[in-house]
Amino acid sequence: MNIPFIYRLLKTAKITAISSFLGGTFLLIAYFYFSGASLILDLGIYYALLTLLINSILFFTLYITLVHSKHRREKIFKSLVLMIINIPIGLCYIGVIMSYH
């Protein structure tokens, strides 16, 4: 597997995971700040669906790279874990919103 491709993929995965987390956290804070505004709730739902799609594509690309590559396997695995961590955080955010709503 192409080493520069792996480095770009790892960088993209890290940026995507962190920006997904920060964007979701910002929307959650905005939802509470504006006292449960339905516009922010709608925006959050679309944001969650879009990030789910993007993160899923990137996750499976990382997984395939992990299986087929002999280079940087540990870093690829850490990127996969970083992306997986967003799942329970997102579910927790959904639970908080449902209990607030």
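These are my notebook entries on a predicted model of a protein, made with its structure open.

**Entry 1. Overall layout**

I began with the secondary structure. The protein has three helices and zero strands, and from the N terminus on its elements run α-α-α. I noted the limits of the helices for later use: helix 1 covers residues 3-33 and helix 3 covers residues 73-100, while helix 2 spans 38-68.

I then looked up the dimensions. Along the principal axes, the C-alpha atoms fill a box of roughly 50 × 20 × 15 Å. The protein has 101 residues, of which 29% are buried. Its exposed surface comes to about 7,100 Å², and carbon and sulfur atoms supply 74% of that area.

I also checked how contacts are spread along the chain. Of the contacts with a separation of 6 or more, 72% are between residues 24 or more positions apart.

**Entry 2. Nonpolar cores**

Which residues make up the largest nonpolar core? I listed eleven: Ile6, Leu9, Leu10, Ala13, Ala17, Leu58, Leu62, Leu66, Ile76, Leu80 and Met83. Helix 1, helix 2 and helix 3 each give two or more residues to this core. The greatest share comes from helix 1, with five residues.

I took Leu62 as a member to examine in detail. Setting aside neighbours within four places in sequence, I found Leu62 in contact with Leu9, Leu10, Ala13, Ile76, Ser79, Leu80 and Met83.

Another core lies apart from the largest one. This other core has seven residues, including Leu27, Leu28, Tyr31 and Ile40. I marked Tyr31 for the next entry, as a residue of this core.

**Entry 3. Aromatic pairs**

A search of the whole structure returned five aromatic pairs. I recorded two of them in full.

For Tyr31 and Tyr100, the ring centres are 5.8 Å apart and the planes stand at 75°. Planes over 60 degrees apart count as edge-to-face, so I entered the Tyr31 and Tyr100 pair under that heading. The two residues are 69 apart in the chain, with Tyr31 in helix 1 and Tyr100 in helix 3, and the pair thus links distant parts of the chain.

Are the two tyrosines buried or exposed? Tyr31 is buried, at 1% relative accessibility. Tyr100 is partly exposed, with a relative accessible area of 42%.

For Phe32 and Tyr100, the ring centres are 4.7 Å apart and the planes lie at 90°, so this pair is edge-to-face as well. Here too distant parts of the chain are linked: Phe32 belongs to helix 1 and Tyr100 to helix 3, 68 residues apart. Phe32 has 31% relative accessibility and counts as partly exposed.

I closed the entry by noting that Tyr31, Phe32 and Tyr100 form one aromatic cluster.

**Entry 4. Asn86**

I next turned to a polar residue. Asn86 sits in helix 3. Its relative accessibility is 17%; the cut-off for a buried residue is under 20%, so Asn86 counts as buried.

What does Asn86 touch, apart from residues up to four places away in sequence? I found Ala17, Ser20 and Phe21. With Ala17 there is a specific approach to record: the side chain of Asn86 reaches the backbone oxygen of Ala17 at 3.1 Å. Ala17 is also listed in the largest nonpolar core.

I looked up one further distance from Asn86. Gly44 is 42 residues away along the chain, and the C-alpha atoms of Asn86 and Gly44 are separated by 15 Å.

**Entry 5. Salt bridge**

How many salt bridges does the structure hold? I found one. In this salt bridge the side chains of Lys78 and Glu74 meet, with an N to O distance of 3.3 Å.

Both partners are in helix 3; they are four residues apart, so about one helical turn separates Lys78 from Glu74. I then checked the accessibility of each partner. Lys78 is exposed at 51% relative accessibility, and Glu74 is exposed with a relative accessible area of 57%.

Conventions: Residues numbered from 1 in each chain as written. Predicted model: local features only at pLDDT ≥ 70, side-chain atom pairs only at ≥ 80, totals over all residues. Heavy atoms only, no water. Phe/Tyr/Trp six-rings, centres within 6.5 Å; stacked < 30°, edge-to-face > 60°. Buried < 20%, exposed > 50% of the residue type's maximum accessible area, 1.4 Å probe, protein only. Contact = heavy atoms within 4.5 Å. Polar contact = N/O pair within 3.5 Å; in protein donor to acceptor, adjacent residues only side chain to side chain. Core = buried A, V, L, I, M, F, W, Y, C linked by side-chain atoms within 4.5 Å. Salt bridge = Lys/Arg side-chain N within 4 Å of Asp/Glu carboxyl O. Areas by Shrake-Rupley, 256 points an atom, 1.4 Å probe, with all protein chains shown as cover.
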